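Please open the structure in your viewer and keep the selection tool at hand. The tour below moves from stop to stop, saying what to select and what can be found there.

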Amino acid sequence: MSLILFAFVVRVRDGLPLSASTDFEHNKELQERKQQLKTVSKALSLLPERGTVKGKDLNIYFISSEGVSYMTICSSSFSAAMAFCFLEDLRWEFRASYDNTSIGLVSRPYPFLEFDSVIQKIKHHYSYSSFPSLRMNLAAVEEELRVRPSKILTAEDMVMRNGTANGHAQPVSGTAASERMEPVTGLGILSLLLNIMCASLNLIRGVHLIEYTLQDGNEGIWNVVAFLLAFFCCLWQCYLYLFFTSVKKLQSFLALAFVFLCNIYLYGLRNIWQLLFHTAVASLSTCQISTRKLQEKLDDCGV
(Lines give C-alpha, C1' and ligand atoms only; values in the text may rest on other atoms or scores of the structure.)
Protein backbone atom coordinates (compact mmCIF):
# COMPACT_ATOMS: atom_id res chain seq x y z
CA MET A 1 0.00 0.00 0.00
CA SER A 2 1.21 3.53 -0.80
CA LEU A 3 2.39 5.61 2.15
CA ILE A 4 0.57 8.68 0.75
CA LEU A 5 -2.93 7.63 -0.25
CA PHE A 6 -4.50 10.93 -1.24
CA ALA A 7 -3.49 14.57 -1.74
CA PHE A 8 -5.79 17.53 -2.13
CA VAL A 9 -5.45 21.28 -2.87
CA VAL A 10 -8.31 23.51 -1.74
CA ARG A 11 -9.11 27.24 -1.52
CA VAL A 12 -9.28 28.32 2.12
CA ARG A 13 -12.04 30.93 2.01
CA ASP A 14 -14.81 28.62 0.72
CA GLY A 15 -13.37 25.09 0.62
CA LEU A 16 -13.44 24.98 -3.20
CA PRO A 17 -11.39 21.97 -4.46
CA LEU A 18 -8.66 23.10 -6.87
CA SER A 19 -6.79 19.86 -7.63
CA ALA A 20 -6.44 16.32 -6.26
CA SER A 21 -4.47 13.14 -6.78
CA THR A 22 -5.99 10.11 -8.46
CA ASP A 23 -7.36 7.69 -5.89
CA PHE A 24 -6.32 4.08 -6.48
CA GLU A 25 -6.86 2.80 -2.95
CA HIS A 26 -10.30 1.75 -1.69
CA ASN A 27 -10.91 0.77 1.91
CA LYS A 28 -13.31 1.72 4.67
CA GLU A 29 -10.93 3.86 6.73
CA LEU A 30 -9.75 5.77 3.66
CA GLN A 31 -13.35 6.68 2.84
CA GLU A 32 -13.86 7.81 6.44
CA ARG A 33 -10.69 9.92 6.32
CA LYS A 34 -11.86 11.47 3.03
CA GLN A 35 -15.14 12.44 4.67
CA GLN A 36 -13.12 14.03 7.49
CA LEU A 37 -10.99 15.79 4.87
CA LYS A 38 -14.19 17.24 3.38
CA THR A 39 -15.26 18.46 6.83
CA VAL A 40 -11.87 20.03 7.53
CA SER A 41 -11.79 21.76 4.13
CA LYS A 42 -15.04 23.60 4.93
CA ALA A 43 -13.63 25.08 8.13
CA LEU A 44 -10.08 25.95 7.07
CA SER A 45 -10.56 29.67 7.69
CA LEU A 46 -11.09 28.85 11.39
CA LEU A 47 -8.24 26.36 11.72
CA PRO A 48 -4.52 26.88 12.35
CA GLU A 49 -2.13 27.03 9.40
CA ARG A 50 -0.82 23.56 10.14
CA GLY A 51 -2.77 20.65 11.60
CA THR A 52 -3.08 16.90 12.01
CA VAL A 53 -6.10 14.62 12.38
CA LYS A 54 -5.02 11.21 13.68
CA GLY A 55 -6.77 7.95 12.84
CA LYS A 56 -6.22 4.27 13.48
CA ASP A 57 -4.12 3.47 10.40
CA LEU A 58 -4.41 6.73 8.44
CA ASN A 59 -3.68 10.34 9.39
CA ILE A 60 -4.69 13.65 7.79
CA TYR A 61 -2.12 16.45 7.53
CA PHE A 62 -2.65 19.94 6.15
CA ILE A 63 -0.88 23.29 5.77
CA SER A 64 -2.47 26.57 4.67
CA SER A 65 -0.63 29.44 3.02
CA GLU A 66 -1.70 32.51 0.98
CA GLY A 67 -5.35 31.48 0.82
CA VAL A 68 -4.70 27.89 -0.32
CA SER A 69 -4.55 24.72 1.78
CA TYR A 70 -2.61 21.57 0.90
CA MET A 71 -3.97 18.39 2.46
CA THR A 72 -3.01 14.74 2.46
CA ILE A 73 -4.06 11.35 3.85
CA CYS A 74 -1.06 9.23 4.82
CA SER A 75 -0.37 5.91 6.43
CA SER A 76 0.25 6.24 10.19
CA SER A 77 3.67 4.63 9.57
CA PHE A 78 4.61 7.68 7.47
CA SER A 79 6.31 10.26 9.71
CA ALA A 80 4.64 13.63 10.30
CA ALA A 81 7.84 15.40 9.26
CA MET A 82 7.83 13.58 5.93
CA ALA A 83 4.15 14.34 5.40
CA PHE A 84 4.67 18.06 5.99
CA CYS A 85 7.78 17.96 3.81
CA PHE A 86 5.59 16.49 1.03
CA LEU A 87 2.99 19.25 1.55
CA GLU A 88 5.67 21.94 1.41
CA ASP A 89 6.90 20.58 -1.93
CA LEU A 90 3.30 20.47 -3.13
CA ARG A 91 2.81 24.09 -2.05
CA TRP A 92 5.98 25.22 -3.81
CA GLU A 93 4.98 23.52 -7.09
CA PHE A 94 1.42 24.87 -6.96
CA ARG A 95 2.48 28.48 -6.26
CA ALA A 96 5.02 28.25 -9.08
CA SER A 97 2.19 27.30 -11.45
CA TYR A 98 -0.69 29.58 -10.39
CA ASP A 99 -0.94 33.13 -9.07
CA ASN A 100 -3.41 34.64 -6.58
CA THR A 101 -5.58 36.14 -9.34
CA SER A 102 -6.18 32.87 -11.18
CA ILE A 103 -6.87 31.09 -7.88
CA GLY A 104 -9.28 33.78 -6.67
CA LEU A 105 -11.30 33.96 -9.91
CA VAL A 106 -12.17 30.28 -10.31
CA SER A 107 -15.74 29.32 -9.46
CA ARG A 108 -16.03 25.63 -10.39
CA PRO A 109 -14.43 22.68 -8.57
CA TYR A 110 -11.15 21.21 -9.84
CA PRO A 111 -10.26 23.96 -12.36
CA PHE A 112 -6.57 22.98 -12.39
CA LEU A 113 -6.84 19.40 -13.66
CA GLU A 114 -3.42 19.64 -15.27
CA PHE A 115 -1.87 19.91 -11.80
CA ASP A 116 -3.24 16.47 -10.84
CA SER A 117 -0.32 14.82 -12.67
CA VAL A 118 2.15 16.97 -10.71
CA ILE A 119 0.57 15.79 -7.44
CA GLN A 120 0.82 12.18 -8.62
CA LYS A 121 4.49 12.62 -9.49
CA ILE A 122 5.42 14.13 -6.10
CA LYS A 123 3.20 11.61 -4.27
CA HIS A 124 4.89 8.66 -6.03
CA HIS A 125 8.34 10.09 -5.32
CA TYR A 126 7.65 10.35 -1.58
CA SER A 127 5.89 7.01 -1.35
CA TYR A 128 8.44 4.88 -3.15
CA SER A 129 11.78 6.73 -3.05
CA SER A 130 14.46 6.57 -0.39
CA PHE A 131 14.58 10.40 -0.23
CA PRO A 132 18.39 10.92 -0.50
CA SER A 133 17.86 14.42 -1.92
CA LEU A 134 15.40 15.40 0.81
CA ARG A 135 17.47 14.88 3.97
CA MET A 136 18.34 18.57 4.48
CA ASN A 137 14.75 19.61 3.80
CA LEU A 138 13.47 16.94 6.14
CA ALA A 139 15.84 18.00 8.91
CA ALA A 140 14.58 21.58 8.68
CA VAL A 141 10.94 20.44 8.85
CA GLU A 142 11.69 18.16 11.82
CA GLU A 143 13.33 21.06 13.66
CA GLU A 144 10.38 23.35 12.93
CA LEU A 145 7.92 20.70 14.17
CA ARG A 146 9.98 20.34 17.34
CA VAL A 147 9.81 24.10 17.98
CA ARG A 148 6.23 24.58 16.75
CA PRO A 149 4.36 21.25 16.86
CA SER A 150 1.45 20.67 14.51
CA LYS A 151 -1.98 21.26 16.07
CA ILE A 152 -3.68 17.91 16.74
CA LEU A 153 -7.39 18.18 15.88
CA THR A 154 -10.06 15.90 17.33
CA ALA A 155 -13.38 14.90 15.78
CA GLU A 156 -15.11 17.27 18.23
CA ASP A 157 -12.91 20.16 17.06
CA MET A 158 -13.86 19.55 13.44
CA VAL A 159 -17.60 19.25 14.14
CA MET A 160 -17.61 22.44 16.24
CA ARG A 161 -15.53 24.50 13.82
CA ASN A 162 -17.35 23.23 10.76
CA GLY A 163 -20.62 24.16 12.46
CA THR A 164 -19.26 27.65 13.10
CA ALA A 165 -18.13 27.98 9.48
CA ASN A 166 -21.64 27.04 8.30
CA GLY A 167 -23.46 29.42 10.64
CA HIS A 168 -24.61 26.91 13.29
CA ALA A 169 -22.48 28.42 16.05
CA GLN A 170 -21.30 31.86 17.05
CA PRO A 171 -19.15 33.02 14.14
CA VAL A 172 -15.68 34.47 14.55
CA SER A 173 -15.55 38.21 13.93
CA GLY A 174 -15.08 39.00 10.26
CA THR A 175 -16.16 35.67 8.79
CA ALA A 176 -19.47 37.04 7.49
CA ALA A 177 -17.59 39.18 4.97
CA SER A 178 -16.38 36.03 3.23
CA GLU A 179 -19.89 34.61 2.75
CA ARG A 180 -21.01 34.47 -0.87
CA MET A 181 -24.54 35.46 -1.85
CA GLU A 182 -26.57 34.05 -4.72
CA PRO A 183 -26.13 35.93 -8.04
CA VAL A 184 -27.98 39.24 -8.40
CA THR A 185 -31.18 38.90 -10.45
CA GLY A 186 -32.67 41.33 -12.97
CA LEU A 187 -35.50 42.16 -10.57
CA GLY A 188 -32.93 42.71 -7.84
CA ILE A 189 -31.03 45.20 -10.01
CA LEU A 190 -34.31 47.00 -10.73
CA SER A 191 -35.08 47.23 -7.00
CA LEU A 192 -31.60 48.66 -6.37
CA LEU A 193 -32.02 51.33 -9.06
CA LEU A 194 -35.48 52.31 -7.81
CA ASN A 195 -34.23 52.40 -4.22
CA ILE A 196 -31.35 54.70 -5.22
CA MET A 197 -33.87 56.93 -7.01
CA CYS A 198 -36.09 57.08 -3.91
CA ALA A 199 -33.08 57.78 -1.70
CA SER A 200 -32.05 60.66 -3.98
CA LEU A 201 -35.57 62.15 -3.95
CA ASN A 202 -35.72 61.93 -0.15
CA LEU A 203 -32.31 63.56 0.25
CA ILE A 204 -33.10 66.41 -2.17
CA ARG A 205 -36.44 67.17 -0.50
CA GLY A 206 -34.90 66.94 2.97
CA VAL A 207 -32.00 69.27 2.17
CA HIS A 208 -34.33 71.81 0.54
CA LEU A 209 -36.60 71.74 3.57
CA ILE A 210 -33.73 72.50 5.96
CA GLU A 211 -33.40 76.06 4.61
CA TYR A 212 -37.12 76.79 4.95
CA THR A 213 -37.22 75.17 8.39
CA LEU A 214 -34.47 77.45 9.68
CA GLN A 215 -36.32 80.51 8.37
CA ASP A 216 -39.60 79.37 9.97
CA GLY A 217 -38.09 78.81 13.40
CA ASN A 218 -37.68 75.03 13.17
CA GLU A 219 -41.38 74.59 12.54
CA GLY A 220 -40.95 71.78 9.97
CA ILE A 221 -38.00 70.02 11.58
CA TRP A 222 -39.85 66.68 11.79
CA ASN A 223 -40.53 66.78 8.05
CA VAL A 224 -36.76 67.08 7.51
CA VAL A 225 -36.17 64.16 9.89
CA ALA A 226 -38.75 62.03 8.03
CA PHE A 227 -37.15 62.71 4.63
CA LEU A 228 -33.61 62.00 5.89
CA LEU A 229 -34.69 58.86 7.78
CA ALA A 230 -36.39 57.56 4.62
CA PHE A 231 -33.16 58.34 2.72
CA PHE A 232 -31.06 56.25 5.13
CA CYS A 233 -33.60 53.41 5.07
CA CYS A 234 -33.38 53.25 1.26
CA LEU A 235 -29.59 53.06 1.41
CA TRP A 236 -29.77 50.40 4.13
CA GLN A 237 -32.08 48.28 1.98
CA CYS A 238 -29.53 48.47 -0.86
CA TYR A 239 -26.81 47.28 1.53
CA LEU A 240 -28.95 44.42 2.86
CA TYR A 241 -29.60 43.20 -0.66
CA LEU A 242 -25.95 43.28 -1.72
CA PHE A 243 -24.24 41.91 1.39
CA PHE A 244 -24.78 39.15 3.93
CA THR A 245 -25.57 40.21 7.49
CA SER A 246 -27.04 38.40 10.47
CA VAL A 247 -30.83 38.74 11.06
CA LYS A 248 -31.11 40.20 7.56
CA LYS A 249 -34.87 39.63 7.27
CA LEU A 250 -35.59 41.42 10.54
CA GLN A 251 -33.50 44.41 9.46
CA SER A 252 -35.21 44.56 6.06
CA PHE A 253 -38.70 44.56 7.63
CA LEU A 254 -37.66 47.26 10.10
CA ALA A 255 -36.39 49.40 7.20
CA LEU A 256 -39.70 48.81 5.38
CA ALA A 257 -41.68 49.80 8.48
CA PHE A 258 -39.71 53.04 8.85
CA VAL A 259 -40.24 53.89 5.17
CA PHE A 260 -44.00 53.35 5.63
CA LEU A 261 -44.11 55.51 8.77
CA CYS A 262 -42.03 58.29 7.19
CA ASN A 263 -44.25 58.43 4.11
CA ILE A 264 -47.44 58.42 6.20
CA TYR A 265 -46.02 61.35 8.19
CA LEU A 266 -45.16 63.16 4.92
CA TYR A 267 -48.71 62.88 3.57
CA GLY A 268 -49.55 66.39 2.42
CA LEU A 269 -46.01 67.14 1.24
CA ARG A 270 -46.41 64.18 -1.14
CA ASN A 271 -49.50 63.18 -3.07
CA ILE A 272 -51.01 59.71 -2.90
CA TRP A 273 -49.21 58.48 -6.05
CA GLN A 274 -45.82 59.52 -4.71
CA LEU A 275 -46.53 57.75 -1.42
CA LEU A 276 -47.60 54.59 -3.25
CA PHE A 277 -44.46 54.69 -5.41
CA HIS A 278 -42.09 54.99 -2.43
CA THR A 279 -43.82 52.29 -0.39
CA ALA A 280 -44.04 49.95 -3.43
CA VAL A 281 -40.30 50.31 -4.07
CA ALA A 282 -39.53 49.60 -0.38
CA SER A 283 -41.82 46.54 -0.49
CA LEU A 284 -40.14 45.23 -3.65
CA SER A 285 -36.71 45.69 -2.06
CA THR A 286 -37.79 43.85 1.09
CA CYS A 287 -39.05 40.95 -1.02
CA GLN A 288 -35.76 40.78 -2.94
CA ILE A 289 -33.71 40.94 0.28
CA SER A 290 -35.73 38.10 1.80
CA THR A 291 -35.42 35.82 -1.23
CA ARG A 292 -31.69 36.34 -1.91
CA LYS A 293 -29.88 33.75 0.18
CA LEU A 294 -26.34 32.57 0.80
CA GLN A 295 -24.91 30.56 -2.05
CA GLU A 296 -24.63 26.88 -1.23
CA LYS A 297 -21.12 25.48 -1.20
CA LEU A 298 -20.20 23.59 -4.32
CA ASP A 299 -20.16 19.84 -3.89
CA ASP A 300 -16.67 18.45 -3.37
CA CYS A 301 -17.18 15.92 -6.17
CA GLY A 302 -16.59 12.77 -4.18
CA VAL A 303 -13.76 14.01 -1.97
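Begin by selecting Lys-34 together with Phe-6, where Lys-34 lies over the face of Phe-6, at 4.7 Å from the ring centre. Bear in mind throughout that this is a predicted model. A second arrangement of this kind appears when you select Arg-292 and Tyr-241, since there the charged end of Arg-292 sits over the ring of Tyr-241, 5.1 Å from its centre.

**Aromatic rings**

Next, show the aromatic side chains, among which the structure holds 12 aromatic pairs. Select Tyr-61 and Phe-84 to see an edge-to-face pair, with 5.4 Å centre to centre and 75° between the planes. Tyr-61 lies in strand β4 (residues 58-65) and Phe-84 in helix α2 (residues 80-97), so this pair ties together parts that are 23 residues apart in sequence. Are these two residues, Tyr-61 and Phe-84, buried or exposed? Both Tyr-61 and Phe-84 are buried.

Now move to Tyr-239 and Phe-243, whose aromatic pair is tilted, with 5.1 Å centre to centre and 40° between the planes. Here Tyr-239 is partly exposed, with a relative accessible area of 34%, and Phe-243 is partly exposed too, with a relative accessible area of 43%. For a group of rings rather than a pair, select Tyr-70, Phe-94, Tyr-98, Phe-112 and Phe-115, which form one aromatic cluster.

**Along helix α2**

Select the whole of α2, a helix of 18 residues that reaches 26 Å from its first C-alpha to its last, close to the 26 Å expected at 1.5 Å a residue. Several residues of α2 are buried, including Phe-84, Phe-86, Leu-90, Phe-94 and Arg-95. Stay with Arg-95, which at 19% relative accessibility counts as buried, and add Glu-66 to the selection, because the side chains of Arg-95 and Glu-66 meet in a salt bridge (3.9 Å, N to O). This pair links distant parts of the chain, with Arg-95 in helix α2 and Glu-66 in the loop between β4 and β5 (68-75), 29 residues apart. Glu-66 itself is exposed, with a relative accessible area of 52%.

**More salt bridges**

The count of salt bridges comes to seven, and another of them is found by selecting Arg-50 and Glu-144, whose closest N and O atoms are 3.4 Å apart. Arg-50 lies in strand β3 (residues 50-53) and Glu-144 in helix α5 (residues 135-147), so the pair ties together parts that are 94 residues apart in sequence. Arg-50 counts as buried at 14% relative accessibility, whereas Glu-144, at 34%, counts as partly exposed.

Remaining in helix α5, select Arg-146 and Glu-143, which lie three residues apart, about one turn of the helix, and whose side chains meet in a salt bridge (2.7 Å, N to O). Arg-146 is exposed, with a relative accessible area of 60%, while Glu-143 counts as partly exposed at 40% relative accessibility. Adding Arg-148 to Arg-50 and Glu-144 shows one network, joined by salt bridges that share partners.

**A nonpolar patch**

For the last stop, select Leu-229, Val-247, Leu-250, Leu-254, Phe-258, Phe-260, Leu-261 and Ile-264, which make a nonpolar surface patch of about 760 Å². Which helix gives the largest share of the patch? That share, six residues, comes from helix α9 (residues 248-265). Phe-260 is found in helix α9 and is partly exposed, with a relative accessible area of 34%.

How values were computed
Residues are numbered from 1 along each chain as its sequence is written. This is a predicted model: local features need pLDDT of at least 70, side-chain atom pairs count only at pLDDT 80 or more; totals for chains, interfaces and linings use all residues. Side-chain values use heavy atoms; hydrogens and water are left out. Patches are made of residues with over 30% relative accessible area and no salt bridge: like charges are joined within 9 Å, nonpolar side chains (Val, Leu, Ile, Met, Phe, Trp, Tyr) within 5 Å. Accessible areas come from the Shrake-Rupley method with a 1.4 Å probe; for residues, only the protein chains shown count as cover. A salt bridge is a side-chain nitrogen of Lys or Arg within 4 Å of a carboxyl oxygen of Asp or Glu. Helices (H or I, at least four residues) and strands (E, at least two) are DSSP runs, numbered from the N terminus. Buried means under 20% relative accessible area, exposed over 50%, partly exposed in between (1.4 Å probe, protein chains only). Rings of Phe, Tyr and Trp (its six-membered ring) pair if their centres lie within 6.5 Å; planes under 30 degrees apart count as stacked, over 60 as edge-to-face and the rest as tilted. A charge sits over a ring if NZ of Lys or CZ of Arg is within 6 Å of the ring centre and within 35 degrees of the ring normal. The expected span of a helix is 1.5 Å times one less than its number of residues.
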